[in-house]
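I sat down with this one to look up how some of its helices pack, where it leaves empty space, and what the backbone does in a couple of loops. My notes follow in the order I went.

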Amino acid sequence: MTNARVTHGKLALHGGSPIRTDNLPYGRQKIDETDVESVVEVLRSDWLTTGPMVAAFEDAFTAVTGAKHAVSISSGTAALHAAMFAIEIGEGDEVIVPTMTFAASANCVVYQGGTPVFADVDPETLLLGPEDVEKKLSPRTKAVIAVDYAGQPCDYDGLRALAKKHNFTLVADACHAVGGAYRGTQVGTMADLSTFSFHPVKHITTAEGGMITTDNADWAERMKQFRNHGITSDHRQREKQGSWFYEMTELGYNYRMSDMQCALGMSQLAKLPGLVARRREISQSYDKIFSELPGVRSLVVRPEAYHAYHLYVVRIDESELGIDRGQVIRLSGPRASA
Ligand SMILES: *Cc1c(COP(=O)(O)O)cnc(C)c1O
């Protein structure tokens, strides 16, 4: 006699029936008709790049995060690079970064000639905490990049206190955490500088794109020049002023976002609270299911965090499951016969 409950309680790996037969993708964008229309509207307008949508998207982003300034930029990686440029990271400077993150969180330090110093993370949350940072501090530590891993904001009270005591700049790599909050305050204002990505696997997308938020007006101005070759005014500003004159005062890059991307960003941003709420709903059912499964443990979520759930990460006990991490990934990937 087959008992449905027993079958349900068994992993597919151990002979139970699979929850799904098709592949659940790592990430996928959600684009609707309003998104399409806002991009098309820009295509019919005078400005495809460096136009009015850029400032409009930046203003909308300050409204959502509560930060004083938002600087749009071509990717999350460029956002991190600009942050390192703003605080003048250079040769001989150390920047503490967590071990668990995407490559760009450390690469940005190297772009500026600085040295990334890797710190361990809390095994329960995979977040960088003040006690992890403290172990890696040196007289050369100029900044710390805290990554809100999976979408859970770090312990910013602890990190900010340490930053004040040891006089380093606190940067939040919040590429996983847009729409999240810490003690009721939005991600984007927790650190001196916060960086975001709008790659299609993230919460909201502009295809490629990024943003830096800060309350520091000088840094915001520096980053606006940095994304535009290091030049003191952009094309539109010069047209407004009726002047051809500009200076290149620093070595910058072409890291601008186009008006098409910013228009998409604005219509996506309007949907952010709903998208985060849906991710939290799904994660709640995961919490419940995984808590009943042997050999699988969800990460710990701290009560002060409003988790934005870019990722849902589980830790597996390889001996209890009887298979290793690689096999779990292969088993949950696309099925040839499905
Ligand atoms: C996605 C991501 C980045 C880089 O963003 P891109 O827009 O892909 O350049 C940086 N840091 C973290 C933690 C990310 O998840």
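**Entry 1: α3 on α10**

I began with the handedness: α3 passes α10 in a left-handed crossing. I should jot down right away that this is a predicted model. Next I pulled the residues that touch. On the α3 side I have Pro52, Met53, Val54, Ala56, Phe57, Ala60, Phe61 and Val64, and on the α10 side Asp259, Cys262, Ala263, Gly265, Met266 and Leu269. Sorted by class, the residues of this α3 and α10 contact come out as 12 nonpolar, 1 polar and 1 charged.

Then I looked up the geometry. The axes of α3 and α10 (residues 259-269) are 8 Å apart, and the packing angle is about 30°. Angles under 35 degrees count as roughly parallel, so I can write down α3 and α10 as roughly parallel to each other.

**Entry 2: α4 and its two partners**

I took α5 before α8. How far apart are the axes of α4 and α5, and at what angle do they pack? I get 8 Å for the axes and about 45° for the angle, with α5 covering residues 104-111. That makes the α4 and α5 pair oblique, therefore, in my notes. α4 passes α5 in a right-handed crossing. From α4, the contact uses Thr77, Leu80, His81 and Met84; from α5, it uses Ala104, Ser105, Cys108, Val109 and Tyr111. I tallied the residues of this α4 and α5 contact as 6 nonpolar, 3 polar and no charged.

On to α8. Here the axes of α4 (residues 76-86) and α8 (residues 217-226) come within 9 Å and cross at roughly 125°. The α4 and α8 pair is therefore oblique as well. α4 passes α8 in a right-handed crossing. The α4 residues I found here are His81, Ala82, Ala83, Phe85 and Ala86, which meet Trp219, Arg222, Met223 and Phe226 of α8. By class, the residues of the α4 and α8 contact are 7 nonpolar, 1 polar and 1 charged. Worth a margin note: His81 turns up in the contact with α8 and also in the contact with α5.

**Entry 3: the second largest pocket**

I then went looking for empty space. The second largest pocket holds about 490 Å³. Its lining has 27 residues, and those nearest the centre are Glu58, Lys224, Arg227, Asp234 and Gln237. Which element gives the most to this lining? I find α3, with 5 residues. The elements that each supply at least two residues are α3 (52-65), β1 (69-73), α8 and α9 (235-241). I split the lining by class into 6 nonpolar, 11 polar and 10 charged.

So α3 packs on α10 and contributes to this pocket, while α8 meets α4 and also helps line the pocket.

**Entry 4: the cavity**

How many cavities of 30 Å³ or more does a search of the whole structure find? I get 1. The largest cavity has about 80 Å³ of space. I listed its lining as Ala150, Gln152, Asp287, Ser298, Leu299, Val300, Val301, His307, Tyr309, Leu311, Tyr312 and Val313. The classes in that lining are 8 nonpolar, 3 polar and 1 charged.

**Entry 5: positive phi**

Tyr309 from the cavity lining came up again when I checked the backbone. Its phi is near 50°, a positive value in a residue other than glycine. I place Tyr309 in the loop between β11 (305-306) and β12 (314-316).

Glu88 is another such entry: phi near 60°, positive in a residue other than glycine. I find Glu88 in the loop between α4 and β2 (94-98). A reminder to myself on why I flagged these: most residues other than glycine have a negative phi.

Definitions and conventions:
Residues numbered from 1 in each chain as written. Predicted model: local features only at pLDDT ≥ 70, side-chain atom pairs only at ≥ 80, totals over all residues. Heavy atoms only, no water. Axes fitted to C-alpha atoms, helices over the stretch in contact; angles between N-to-C directions. Helix = DSSP H or I, 4+ residues; strand = E, 2+ residues; numbered from the N terminus. Parallel < 35°, antiparallel > 145°, perpendicular 65-115°, else oblique. Left-handed = near helix turned anticlockwise from the far one by under 90°. Contact = heavy atoms within 4.5 Å. Nonpolar A, V, L, I, M, F, W, Y, C, P; charged D, E, K, R; others polar. 1 Å grid on protein atoms, 1.4 Å probe; cavity = no way out; pocket = protein on both sides within 12 Å on 5 of 7 lines; lining within 4 Å. Points joined across faces, edges and corners; volume = space filled by probe spheres on them.
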